[in-house]
Amino acid sequence: MRKRKIEFYKHNLSLQDKQECLKVLNSLFLTTGEAVKKFELKFAHYLGLKYVVGVTSCTDALFLALKYLQIGKDDEVITTPLSFIATANVIEYCGAKPVFVDVEEETGNIDANLIEKAITPKTKAIIIVHLYGQMCDIKKIRKIADKYGIKIIEDSAHCIEGERNGVKPGALGDFACFSFYATKNITSGEGGAIACQNGKAYEWFQKARLHGMSKNAADRYSKKYEHYDMEFLGYKCNMSNIQASLLLNQLDRIEKISERKEKIAMIYNKAFSKNSHLKLLKVLPESKHARHLYTVLVIPQKRDEYLHKLQEKGIGVAVNFRPIHLMKYYMKKYRYKVGDFAIAEKIGNSTISLPFYPKLTKEEIDCVISTVNSIVK
Ligand SMILES: *Cc1c(COP(=O)(O)O)cnc(C)c1O
């Protein structure tokens, strides 16, 4: 086979996105201003939610949600071990304790049936992750959360376009946090947003992202000058107009991007379902999958060998994710060990993420398929 390079990810920025960004670069305000406002309104409309606040990352969005809930020392927050480390790290930033709950074997999402057992009087919130773009069982989780009076934060870094039984991210959770990091479905290189239905939280997030200041730079400058005050100790994670400008047109195209990725997923599914040496996670009939990542599961003993062979053949690969509880820091701090969350470990040790983005050509897709099938056998 001819050796070629198929990147793991290529962004999808169009000329229009770049022109929109150039408008900002040629304007007065590079920081938070008109473009951010426009993006927030547009994104809230897309999600069917009342409020969106633009921040610099999903990590910041998750952190602000926890801070708004006043989560701190002696509190516990339930989450999944099968995610990017950010999901648990934000709990650590607050001085609270992440309590992991194992995932479903079929989907890799947190197992809603195991959540109640993990709830203690210290539990204040739960951060769920819509893994790879398929939503968790949000209806069931909402019921449990209401029964115990705990809040739900949706780590929706993988899931903007997804739905489950017609429910979108942020509709049943208290807060939904999004990422526009370099490899996400829509991107501004770095960026994030927090969405909610709660007006009081919205006002707090707007200030909390900028030191707790009562007026931002654009407000002070464009209107009659008014002194700012600092109402509380906030943070520094406001989205810039540069970031927002890159996202505006991508939001218009998001369904198209999603349709293209769904098509690629179907081609992959069809080709890989014939290979008995690999397995695919299930997409539930009630799900509209946001199709962020495409993963295949292979036998754990051979996973790393396959990864390296795919790389040698020029196929970009990644692992999403090695379970968080087995990261050095978490093992040391909380004495987690292998076997504690067996299903998350099983998926984490078997998974390979393949190239999956709208710019993939038919030839590249065919090449990924034939290379995978020639290695995993
Ligand atoms: C990417 C990612 C994050 C972090 O997003 P940033 O915008 O880089 O902070 C959080 N959670 C999950 C599941 C992710 O994949």
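**Exercise 1. Which residues is Glu20 in contact with, leaving aside its neighbours within four places in sequence?**

Solution. This is a predicted model, in which local features need pLDDT of at least 70 and side-chain atom pairs count only at pLDDT 80 or more, while totals for chains, interfaces and linings use all residues. Residues are numbered from 1 along each chain as its sequence is written, and side-chain values use heavy atoms, with hydrogens and water left out.

Step 1: locate the residue. Glu20 belongs to helix α1, residues 15-25, where helices (H or I, at least four residues) and strands (E, at least two) are DSSP runs numbered from the N terminus.

Step 2: list the partners. With the neighbours within four places in sequence set aside, Glu20 is in contact (heavy atoms within 4.5 Å) with Lys38, Ser245, Leu248 and Asn249.

Step 3: classify the residue. Glu20 counts as buried because its relative accessibility is 15%, given that buried means under 20% relative accessible area, exposed over 50% and partly exposed in between, with a 1.4 Å probe and protein chains only.

**Exercise 2. Describe how helix α2 packs against helix α9.**

Solution. Step 1: take the geometry. Helix α2 (residues 34-47) and helix α9 (residues 241-272) pack at an angle of about 25 degrees, and their axes are 8 Å apart; axes are lines fitted to C-alpha atoms, for helices over the stretch in contact, and angles run from 0 to 180 degrees between N-to-C directions.

Step 2: name the arrangement. The angle makes α2 roughly parallel to α9, since angles under 35 degrees count as roughly parallel, over 145 as roughly antiparallel, 65 to 115 as roughly perpendicular and the rest as oblique.

Step 3: give the handedness. The crossing in which α2 passes α9 is left-handed, a term used if the near helix is turned anticlockwise from the far one by less than a right angle, whereas clockwise gives right-handed.

Step 4: look at the residues. Among those making the contact are Lys38 and Phe39 of α2, together with Ser245 and Leu248 of α9. By class, the contact has 10 nonpolar, 2 polar and 5 charged residues, where Ala, Val, Leu, Ile, Met, Phe, Trp, Tyr, Cys and Pro count as nonpolar, Asp, Glu, Lys and Arg as charged, and the others, Gly among them, as polar.

**Exercise 3. Trace the strand order of the open sheet, and then state which helices pack on the sheet.**

Solution. Step 1: write the order. The open sheet has 7 strands, in the order β1-β8-β7-β5-β4-β2-β3, and its pairing is mixed; two strands pair if DSSP finds at least two bridges between them.

Step 2: find the edges. Strands β1 (51-55) and β3 (97-100) are the edge strands, each pairing on one side only, and the twist from one strand to the next averages 25 degrees.

Step 3: examine one pair. Strand β2 (residues 76-79) pairs with strand β4 (residues 123-129) in the parallel sense over 4 bridges, and Thr79 has Ile127 in β4 as its bridge partner.

Step 4: add the helices. Helix α4 (residues 86-93) packs on the sheet, where it touches β2, β3, β4 and β5 (151-155), and its direction makes about 145 degrees with that of β3. Helix α7 (residues 199-208) also packs on the sheet, touching β1, β7 (175-179) and β8 (192-196), with a direction at about 20 degrees to that of β1.

**Exercise 4. Decide whether Cys94 and Lys73 are buried or exposed, and describe their surroundings.**

Solution. Step 1: place both residues. Cys94 lies in the loop between α4 and β3, while Lys73 is found in the loop between α3 (58-68) and β2.

Step 2: apply the cut-offs. Cys94 is buried, with a relative accessible area of 7%, whereas Lys73 counts as exposed at 66% relative accessibility.

Step 3: compare the partners. Leaving aside neighbours within four places in sequence, Cys94 is in contact with Phe63, Leu66, Lys67, Ile71, Gly72 and Lys73, and Lys73 is in contact with Cys94 and Gly95.

Step 4: check a separation. Cys94 and Phe63 are 31 residues apart in sequence, and 7.7 Å apart in space from C-alpha to C-alpha.

**Exercise 5. Characterise the packing of α3 with α4.**

Solution. Step 1: begin with the angle. Helices α3 and α4 pack at about 40 degrees, with axes 9 Å apart, which makes α3 oblique to α4, and α3 passes α4 in a right-handed crossing.

Step 2: turn to the contact. Thr59, Leu62, Phe63 and Leu66 of α3 meet Ala86, Thr87, Val90, Ile91 and Tyr93 of α4, giving by class 7 nonpolar, 2 polar and no charged residues.
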